[in-house]
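Dear colleague,

I am handing over the structure below, and after it you will find notes on what turned up when I went through its charged side chains.

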Amino acid sequence: MKNLLNPMASAALAALLLMVGPLHADNTGQLDYTQMTPEALAEYLIFEAKGFKLDMDVQEGGKAKQRMVQDELQKVCTQTHNKPSPEQAGKILAEARASIKYPEGGIKLGDWRKGRELAWSGYGFRIGHKIDDHSKREPGGNCYNCHQLATDRVGGTLAPSLTNYGKTRGNSEQTLRFVYDMIYNPHAYFPCTRMPRMGAKGLLSNEQISHLMAYLLDPESPVNH
């Protein structure tokens with residue numbers, strides 16, 4: 001989860017400012033927001049205006065403030081509005097592919113029933129008034145927020161529908177590797193995608209990824225009926 005929120009938060013804040021028009025000054029009267037770039041103002045509002053409780057502990061260790069700091073990939077994607085140059089895209093692809101660690105014994109499908117629970121779970125890594133306790137419940141994949149999955153529940157529409165994914169693509173070795181890579185680090189195929197780096201960022205384990213893959217590819221999974 002680390003470093004995932006900053007580009008989204010920055011974009012939202014910048015969009016808000018465009019809608020409400022220029023602000024004038026803070027309580028001290030010393031700041032002229034109208035003279036700041038959207039990027040500089042977003043950074044100020046996130047890190048300096050005390051609108052976020054950045055001193056909270058987070059599940060992966062450290063403080064919430066550390067999550068809001070962009071890594072090098074996110075900086076490039078923000079600066080280019082998710083349209084990196086060919087040179088930048090090539091570098092992102094190479095680094096993403098190098099980051100992927102494959103399970104011992106090869107890529108295999110897990111239990112689609114466990115994958116279903118993970119895909120429809122938004123639990124994990126959340127902070128606020130009630131911090132998710134990972135000792136009591138494992139984090140989910142939160143897939144449903146962006147993807148339509150099986151037809152027995154309603155999912156999101158921000159990303160492509162995955163209904164009948166295994167039925168239409170099969171479960172060849174090539175397909176298994178593609179799906180594993182996409183869950184682990186999707187920048188290996190789509191530089192500056194908004195899809196989270198579930199494996200590369202330690203949000204899901206290899207076992208959890210195998211269960212999610214089974215939910216997408218197993219012929220018995222509701223995704224393929």
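**Salt bridges in the model**

In this predicted model, the side chains of D57 and K63 come together in a salt bridge, with 2.5 Å from N to O. Neither partner is buried, since D57 is partly exposed at a relative accessible area of 49%, and K63 is likewise partly exposed at 37%.

This pair belongs to a wider set, as the structure holds eleven salt bridges. Another of them links R113 to D111, where the closest N and O atoms are 3.8 Å apart. For this pair the two partners fall into separate accessibility classes: R113 counts as exposed because its relative accessible area of 52% is over the 50% cut-off, whereas D111, at 25% relative accessibility, counts as partly exposed.

A further salt bridge joins the side chains of D152 and R116, at 2.9 Å from N to O. D152 sits in the loop between α6 (112-119) and α7 (165-169), while R116 is part of helix α6, so this contact ties together parts that lie 36 residues apart in sequence. As for its surroundings, D152 is partly exposed, with a relative accessible area of 46%.

Finally, D71, R197 and K201 are joined into one network by salt bridges that share partners, which may be a convenient place to begin when you look through the charged side chains yourself.

With best regards

Terms used. Residues are numbered from 1 along each chain as its sequence is written. This is a predicted model: local features need pLDDT of at least 70, side-chain atom pairs count only at pLDDT 80 or more; totals for chains, interfaces and linings use all residues. Side-chain values use heavy atoms; hydrogens and water are left out. A salt bridge is a side-chain nitrogen of Lys or Arg within 4 Å of a carboxyl oxygen of Asp or Glu. Buried means under 20% relative accessible area, exposed over 50%, partly exposed in between (1.4 Å probe, protein chains only). Helices (H or I, at least four residues) and strands (E, at least two) are DSSP runs, numbered from the N terminus.
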